[in-house]
Each structure stands twice: as structure tokens, then as C-alpha cells.
Amino acid sequence: NSPLKSPPTEVLVGGCQNVLSYLSKLQAGKEASQIDISGFSLLAVPFEVTYFSNLTRLVLDNNRLKTLWPVTPTPHPTERDKAVIVGGGKLAYRHIGTPKGRTPHWEEPLDPLRLVGPYDELPTPSIDRYPVHFLGNLVNLQSLSAKNNVISELPAKCFPRWQTCLRELFLDNNQISILPFEMHTLDMLQSFTINGNNLKHPPVDFQTEGFPTLRKYWKRIATSEHTGICELANMSLLLFPTEFVDDPRFSYNIKYLDLSGNQITTINPRIHNMTALETLHLERNSIDRLPDTLFHCTNLTELCVDDNKLLEVNKSIGNCSRIISLSLNGNRLENIPEELGRLTGMTKLALGNNRLKLGTAWWLAGLISLESLWLFGNQISAIPVVIGMLTRLDDLRLHNNPLKDPPKNIIVGGIKSIRDYLSYNIVYEFDQSALAPPRTKKNVDNAKLMAKKQEVQNAARHCEYQVTSTAPTDARGAYHFGNALDGGANRSTFWMSSPGVDSVVVEVNLGTKFSLQRIELHWRSNFSARCYTVQLSEEGRQWFLVHRGVSMEESEEGKVKEEEEHVTHVYAAYGTDRVDTIMLRDESSMMIRSALPSTGVQWVRVQMTRRWFNSYRLNQLYAWGDRVEGASFVTGAGEDGTLSFKDA
């Protein structure tokens, strides 16, 4: 009737023969320092096995072990059991010194890597030898096999005790999902198998790389705690290592992280915990999206995500104002967010081998420190003119693009030749980007210029026109836009937009190129625009801002400054018509607006964004100027978007 602690119950139920076999193997193993107790359906490592401190080989195959922790004798250990723990042990039995009325209990040791003395007196760390009952006591163990069990947890605190002895470890066909970080201390391990498990961490392709790579992975992580540098390139990593985001030892210290050349598909969303991160290399992986939390790492200065599968760049990248180098070559990008223009300190931007067309790309104006810009291998047909204003740019790569503008002879001339070609029509597009710095307004006396105006023709009369907006523009009866282009022949007619629509865009095709002197907008009483822009174009694709009219309220809100070039204040004309005159050239035909195309204008665009009342109403739009003789002009666009030209 006494409760036996040895052999275990699962051995006893096998009968007398099973018990004798078990005891004989223990006895033989004790003498040979090798114990093989396979096939006994054990649920835990037998307690008495851990007393054989000279054991060199332990085989526990074909049992039902759930863990490699031996069973702790509770609740009433023997005097022998009270001689408690070593490194790797989980619990310590505390009896002496327990307050009266409190039951003795097993507790976690303060320092599990140091021996402590028996609890028949106060702990005495100076004691070197005494019986213990945890696997950590097997300090001479060279081979451990636990195949074909249901183990899900490994004794992490034991591995440091086996640093100089364990050479073989076999854990095939179990339920292990995590290998403990402490395994990196197994310096003598030569043979290690863990087939038939569902390993999720560490994220190394163990079957391909083997334990040496796994140990190198752990060693480099351990070293990074002190150096702040962790290089894990080309290690067949399948996942982003969780140690970096979950363990403060690493997340608060790592400044340089290289994960290039692996098989990572996603970045851990908790990467914002890496508050010290400055440089991150992720090239040659399979990442299709970057988490927004990555750009909460505000100390980030260098980010390289070359040769991945990115489809877009996060708008939150604008939060990382310290980035000086951004490399996104070899992805699947089609658009770049304007927020990238906030990175005013960036010196290198690499966007090669993507699917970019760029368009006007006015966000580039904000990259005032840019020295290197790689745009090779994209679908760019025309270099954005804004590149001409990047004065520090000395490395521009444009090969493998279907470029049509500038001409090839300009491109082969290098960056200086390209900048000179583009600089003639550079303009800040304030209505498209808030990134451009303010410009100084030129002193222009419109009244004086109007008094000395030349006799020129109205290019807008009887020309082609088109009207687009966020809602259908009113074209009923007397309100169609042709009324604003008849040269004032019928003063009772006017154009009226659809009621309740703020954003309305009107584009007027002059039919051929003109050297415009001025543009006049004759607004109808009470129905002028509260905020609008006037833009010009040579071919109807690339537009240049020449005027912006804003109300005093807009200016006071800090959205614009009157000191900026081509910006004037407008007012509500109650009961009277209002005329806005935009002077483009003076009496000697010299350009006043720096954005005016020097080869002539064929398109005029008026973009209205805020109303005074329920609609916009325009009596007349005048475009005064001289026709450019001999200039080619656009006659139409093909199905593929290419423009057709005709000589005048």
C-alpha cells in the first residue's frame, strides 16, 4: 500500500516481467554509463535516471513522453529528494524556513545555473557535489535520443550544462515546434536530427542548412545584444526572426540588421519595437508588402528592399524623415506616393526595374538633397521636368526605358545636358503638391502693361474646347461652354457649371500654337471662383502653372502666400462682373511667368476648386496672343495615347 516512486506506474501495469526488464536495464546502464529504456510507454523521464551523474548515453525512444523534464516528487519528498537543484532544474523544494502554517512547496530557483545545497539547512552555493534529480545533473551526457514520442517542450535550461559534453541529439517524430535559443551553447554537438516535427521557430530551413547554420544563426543573434549588428544573410530563413521584436535584449539594441538572400515573405508587424534600428537590408526575399509599423522606426536611415515582390510603397514612409538611402530596385511598383517627397535629407533613391511611368512626379521637388537617382528598367517615356531642379543630382540612370523626351542626343550628354534641357520649363505645381518651397513674387504692374498692350488676336475665339469635372457640367441651351468663347458677340449668354459641384476643370484647345500675352477671365456677377488655377500646355499632356487665384480666407488659413509667384487674391463681386487678367508677357514680348513654354501654347486649362455660390459662371475667356508661324501643333491622339502633330 505504500506509494512507490520507482518504477513508474506505466511500468508497473506491464506486469512482473516488464518491471524486471526495466530494473535490469537500469542496473546494466548504471554499470556501463549507458541506459536504454525504450518501449516502456513512459509518460515522463524516470526520476531515478537523473541520479546517474556519470551517464554518457540515454535512450528514451518509443515512449509517450510529453516533455524531457523528470517527474518532480510531490507532495512529500523523501530526505533524499530534499537535496535540491542544479542548473536546468525547474523547481526547488523549500521546507526549512517555511513560515509556520504554510505547506512546503516547490519553487523556481533564483539562479538555475548554479548549484545550491540541501534544504536541511540554508542554501550553500559552495557545495559542489550532492544528489540531484534533474537532467541538468547529467553533466557527462554525450548522446540523448528521444525519438517517437509526443514531446512538445525541450529543457532549455539544461543545454548550457551540456555545452562541452553533448555530441548527439535525436528528436525525430515528436511534436516540437520551437527549438530553444539556449541550444546555441551546444558547441560540441555533431549529430542532430529532428525530422517529423512541425518546426516553426527558429525560421531556418533546417533540412537544407543543418545544425551548423542553425547554431550560427543563434550565435549571431546572441552577439548582436552587445554589438548592435546582426548579419543573417543567406541563411534560408523562412520567417522574420521573432527574437528581434519580442526580446528587449535585441529590439532595443540592434542598429544594423541584414536579412538579405533568404526566403522571408512577410515582416513581423511588431517591428516598431526595434526602436534603435538604423539600417535594414531585406533584398532578395519574397516580400510583397511592408507593414506600416516599419516606418514607426524613426531612427531608420537606410532601407534596402531590392528584388522582392512589392506592389506599392506605404504612404507612411513620410514619417521616417531621417532616411538618406532608399533602394527599391527589382520590384513591381507602378506608383510612388507623394509622401516620399517629405524625405528632404535623402541622398540616394533607387527605383530601377519596376513598372513606373512617373508622369510629372512633382513630389521629387521635395528631395532637395538627392545625389543619386536610379530609374532604369521602367516604362518612362518622358523625364519629369522636375528633375531639372535637383541641383545636387550627379548620378542619374535611365537606361532600358522607352524614352521619347528628351531626345537621345541630350541623354547621352549626361546629367548636365539633361538638366539644361529640362530647366527652361520647370515650375512648382502648388495645387498638386505641398512639398515645393515658396518662390519670390515678381513685381508686375498689370495696369501699366495693359495700357501698353499690343494689338493681338483672341486665340480662344471659335476654338475647340472640352469640359470635364467631378460631375456633369451644365451644357443646357444657353449655358454651354461655347458661350464663353464667342468673343463677346452675345453679351447676354454665358457658361454655367452644374450646381453644387466644387471641382470643375475646363480645357481649351486653341487649335494651333500661340505666343500668348495675357489671359482674361470675365466672371459673371456673384458667381466667380473662390479658388482656381490657370495652366498652359504645348501638347495637352504636360501642364505648367501660370496663375493661382485664392480668396483672402484661403490665404489666412496658411494654405498659400501672396509672396509666391503667380498667386493673387480674388474677391467676391456682389452685383458686378469681375475680370481677372493674367499677364504672361510684357510690351517687349519678354516672359513674365517663368513657367510659360517658350515654343508656344496650344492648351489652356482652368481648374476651379471652390465656389462663392452654387455654381461657376463665366461670361468670356480671352486668350490674347500671336500665332506661332511654322510651329507644329497637335491634331489628335491615337488609341495608344500617342499624339499626332501637323506643321502649321
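Start by selecting phenylalanine 514 and valine 601, since these two residues stand opposite each other, with valine 601 in strand β24. This is a predicted model, in which local features need pLDDT of at least 70 and side-chain atom pairs count only at pLDDT 80 or more, while totals for chains, interfaces and linings use all residues. Residues are numbered from 1 along each chain as its sequence is written, and side-chain values use heavy atoms, with hydrogens and water left out.

**Strand β24 and its partners**

Extend the selection to strand β24 (residues 601-611) and to strand β19 (residues 504-523), which pair in the antiparallel sense over 7 bridges; two strands are said to pair if DSSP finds at least two bridges between them. Helices (H or I, at least four residues) and strands (E, at least two) are themselves DSSP runs, numbered from the N terminus. Next add strand β20 (residues 529-537), which also pairs with β24 in the antiparallel sense, here over 8 bridges. To find a place in that second pairing, select tyrosine 532, which stands opposite methionine 608 in β24. Colouring by accessibility shows β24 as mostly covered, with 8 of its 11 residues buried, where buried means under 20% relative accessible area, exposed over 50% and partly exposed in between (1.4 Å probe, protein chains only).

**Two charges over rings**

Select arginine 605 together with tryptophan 543: the charged end of the arginine sits over the tryptophan ring, 4.0 Å from its centre. The criterion is that NZ of Lys or CZ of Arg lies within 6 Å of the ring centre and within 35 degrees of the ring normal. Then move to arginine 617, whose charged end sits over the ring of phenylalanine 527 at 3.8 Å from the ring centre.

**Glutamine 620 and glycine 487**

Select glutamine 620, which is found in strand β25 (residues 617-627) and is buried, with a relative accessible area of 6%. Leaving aside its neighbours within four places in sequence, glutamine 620 is in contact (heavy atoms within 4.5 Å) with Asn483, Ala484, Leu485, Asp486, Gly487, Gly488, Glu520, Leu521 and His522. From that list, pick glycine 487, whose place is in the loop between β17 (464-469) and β18 (495-496); this glycine is partly exposed, with a relative accessible area of 26%. A C-alpha to C-alpha distance drawn from glycine 487 to asparagine 619 comes to 9.6 Å, although the two residues are 132 apart in sequence.

**Asparagine 308**

The next stop is asparagine 308, in the loop between β11 (302-304) and β12 (325-327), which counts as buried at 6% relative accessibility. Show its side chain and follow it to the backbone nitrogen of asparagine 285, reached at 3.3 Å, and to the backbone nitrogen of isoleucine 287, reached at 3.0 Å. Not counting residues up to four places away in sequence, asparagine 308 touches Leu282, Glu283, Arg284, Asn285, Ser286, Ile287, Gly330 and Asn331.

**Cysteines 297 and 320**

Select cysteine 297 and cysteine 320, which count as buried at 1% and 0% relative accessibility respectively. For cysteine 297 the closest cysteine sulfur is that of cysteine 320, and the separation of 6.9 Å is too far for a bond. With a disulfide taken as a pair of cysteine sulfur atoms within 2.5 Å, the count comes to 0 disulfides.

**Aromatic pairs**

Rings of Phe, Tyr and Trp (its six-membered ring) pair if their centres lie within 6.5 Å, and planes under 30 degrees apart count as stacked, over 60 as edge-to-face and the rest as tilted. By this rule the count comes to 9 aromatic pairs. Select tyrosine 22 and phenylalanine 40, whose ring centres are 5.6 Å apart and whose planes stand at 80°, so the pair is edge-to-face. The pair links distant parts of the chain, 18 residues apart, with tyrosine 22 in helix α2 (residues 16-32) and phenylalanine 40 in the loop between β1 (34-36) and β2 (57-59). Tyrosine 22 counts as buried at 0% relative accessibility, and phenylalanine 40 is buried too, with a relative accessible area of 4%. Then select Phe192, Phe211 and Trp218, which ring pairs link into a cluster.

**The whole chain**

Finally, zoom out to the whole protein, whose secondary structure comes to 9 helices and 27 strands. Of its 648 residues, 52% count as buried, and among contacts between residues at least 6 apart in sequence, 57% join residues at least 24 apart.

Technical notes:
A polar contact is a pair of N or O atoms within 3.5 Å; within protein, one must be able to donate a hydrogen and the other to accept it, and residues adjacent in sequence count only if both atoms are side-chain atoms.
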